[in-house]
Structures are given as C-alpha cells and as structure tokens.
Amino acid sequence: MSHAFAQRLDAVAPSATLAMTAKAAELRAAGRKIYGFGVGEPDFPTPEYVQQAAREAVAKSSHYTNVVGTPELRAAVCEATARDRGWTPSPDRVCVGVGAKHVLFNLALALFEAGDEVIIPAPYWVSYPEQVRLFGATPKIVETRAQDGWRLSAEALRAALTPRTKAIILCTPSNPSGAAYSAEELRALAEVLLGHDCFVIADEIYGELCYDGFEHHSLAKVAPELGERLVIVDGVSKTYAMTGWRIGWSISSAALAKQIAKVQGQSTTNPTAVAQAAAAAALVGPRDEVHRMRELFAARRRRMVEGLNAIPGVSCDMPRGAFYALPNVEGLYGIRHGDKLLASAADVSLWQLDVCGIAAVAGEPFGAPGHIRYSYAASESQIDEALTALRAAVLDAERA
Ligand SMILES: Cc1ncc(COP(=O)(O)O)c(C=O)c1O
C-alpha cells in the first residue's frame, strides 16, 4: 500500500507521562480539582536572572547558530561540568540539542540498528526503550528490586551482556524511582563494562537533585577509563526549572560528536538561539536558586513518602534523588471501582484520579508494574491535601 505509514512506528508506544498530563489538563479544564503529580517538571518559574539573560539575548538572536551549540553555551557546559561533576570536557565533545530527550534521540539514531541490544535497567524512563525500538534495536530490560534501592548490581549487569550488546543506558538519579548510585556502586558497574566493548550512556539530568547529604557522582569522574565509549547526557530542564526552553546536551568522544552534528544538521539545525543564551546564563550564574529549589524538593520528598506510607496498602522507600516517589500499591488491589475490582497499578491510578482527583502515572510503562510514580514537583500543601484524601478514600473503599 503506497500510502501506508512507516512500519518502524508500529513497535513504538506514545509517551505515557504526556498522556496522563493531557488527561489531567482536560479534567481541570472541565472544572475538576486535580492534584498534579503526573508531570516530570519543576513547578517553579525559571530563575529571574535566566529570564533577564534571555530578554537581553533577543536582539542578538536573529540568526542560525553553530548546529550543536554556540561557543558560549558549550563553554558554559564545560565550566558547569567541571564545577558540579568534577571533570572537564573540551567543548568539541559537547553537542547541544533541543532538550535531553532530543539528545538521546540523536544518540539512538547515531548508534543503534537492527540486531543491537541495549541494556536498560527497570524501572526506566519511558522514552529509553521506545527510542531503541524506533531504530530497530532491542531493549534488553534488566529488572531491579525495591529492596535493593532499585539499583542494578554488577552481577545482573554481567549476566545481561552479550556479544550483541551495543550500549547500556544508565540513569542516576533515576526517573521514575529516584534511585541513585554511590561512587562505589558505579565503580562496580564500570568494572564490568570495562571488560565489554559497548557504549555507556549515563543520563545525569537529575544530578543536582540529591538529598540528605547523598552526593551525585558522574560516571565520567568515577570511571574515566571508559573513555571514548562513555556518553554523558545532561540538561537545564530539571536543575534550573527550564523544561520549556528545551536545552540539553551530550558529552561524548569528539568522533561521536561529529556524527551527532551530522544528524542534527539534517534535522533541527541549532536549538533556539535565545534558549541557548538563557541556558548559558543559567549554567554560569549564581547558585542560590538551585539550592533553594533543591531544599524545597527535599522537604516535599519527605512529605510525599511519609504521606504515602501512612496509607494502608501503600509502601514506599525514601529515594536518594530526582523528584519522584515510586510506591508499591498492590495492597490496594481488590478495591471496588464501579463494576470492576482494582487489579493493576493502571487501575489504581485511574481510580485515584476518579475518586480523589490525583493525577500520577502508573508504573507499567516505566517497567514497574504494581507501582505508581508520584512526582513531588508540587507544593507541600497540595501533597498533604491529596494524600489525606487518598488515605480517607482507601479506608472508606468497598473491597471484594
Ligand atoms: C531521565 C530523563 N532524561 C531525560 C529527560 C528529558 O529532559 P528534557 O528533554 O526536558 O531535557 C527527562 C525528562 O523527563 C528525564 O526524566
């Protein structure tokens, strides 16, 4: 059939997080009070000094820039990486794209093809396996357990590697679990990976969001011997409350950077010039806003996790980083919802939306069945109010 759609999309699912966000927005527009724990973005405005830099950049931003980022932004990425991550890349290794999601897409296009396996520890961010599938490669999902802090062990990694393994995508701190690896835990994984010729993609976009004294360790600092095979992915979306500006970057070998530039040069060209100027200002500007947001997230995390654990049938460990809690909700199975009994995390998430107006994303598309991801990028009073309502609904619920 000449007007058929390309088959490569048959294996790809639409984004579950964006679907829940759209559903919550629809209900809100219809006048329902909705508690929004679905979206993965800070609820703070972009810091004023960043907005000011963008206003000033408008007059100078009429033209194309270098495809993978202005010299100023790439230099700012290097400076911030040295300050925050303790290692210093050269600017020719930095490729700026339209958000880290786009950067990961570029990487998938540049690296993956039919026959390749890409190791992805579960729970995972929803886009990783879909991007791998899009290019005909196979995601090799490796389960982790809540009681192990949702962290991949060296043994599990070793067992998953095969001659077809093209890459591993490691996210620390993780969306959706908040799991994060200590330097020793990362080193143990790196020791295994040093013995296997594959790419190692470390998504460190939540690196600045760690709590209770836990420190993020960049894989590039912990295992520099991974050398040319290592790719770090990062961005301004989460740290600087800049999701809408769409700026992220990869730091790879110079050779891979050239391939990425080729990909991007045939698609978006440069990311928006004003957004690049704003991101550069964010990266080298004052740090107090970043610290303030982190402290607020830390307090909300405690509120969210304690509130969830106060609900009979729900249990949640304290995550080390990011801004998500991933409780087990299997204890709620059997609650009656209309003419159905809850039997999956997806059922529970629809029930709590219906009964309490709580929007949060069920764990299945994150590779975490039996769990729901609650983003705590919402005020403490919203968290308290919603979880009080949820507790009451659970205590009140009719069961099988
Ligand atoms: C783990 C992870 N990586 C990458 C991204 C993409 O971020 P952005 O495209 O906004 O830079 C997200 C956003 O939710 C994420 O959670």
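**Exercise 1.** State into which domains the protein is divided, and describe how they meet.

*Solution.* The division gives domain 1 (7-45 + 289-395) and domain 2 (49-284), with bounds that come from an automatic or database domain assignment. The C-alpha centres of domain 1 and domain 2 lie 26 Å apart. To their contact, domain 1 brings 34 residues and domain 2 brings 32 residues, where two residues are in contact if their C-beta atoms, placed from the backbone, lie within 7 Å. This is a predicted model, in which local features need pLDDT of at least 70 and side-chain atom pairs count only at pLDDT 80 or more, while totals for chains, interfaces and linings use all residues. Residues are numbered from 1 along each chain as its sequence is written.

**Exercise 2.** Find where the largest nonpolar core lies relative to the domains.

*Solution.* A nonpolar core is a set of buried Ala, Val, Leu, Ile, Met, Phe, Trp, Tyr and Cys residues joined through C-beta atoms within 7 Å; a residue is buried if 20 or more other C-beta atoms lie within 10 Å of its own. The largest such core has 127 residues, and Val-200, Ile-201, Leu-219 and Ala-279 have the most contacts inside it. Because both domain 1 and domain 2 give residues to this core, it lies between them. Val-200 touches, among others, Ala-167, Ile-168 and Leu-219, residues up to four places away in sequence not being counted.

**Exercise 3.** Decide whether helix 4 (residues 100-111) is largely enclosed or open.

*Solution.* Helices are DSSP runs (H or I, at least four residues), numbered from the N terminus. In helix 4, the buried residues include Ala-100, Val-103 and Phe-105. Since 9 of its 12 residues are buried, helix 4 is largely enclosed by the rest of the structure.

Notes: Helices (H or I, at least four residues) and strands (E, at least two) are DSSP runs, numbered from the N terminus.
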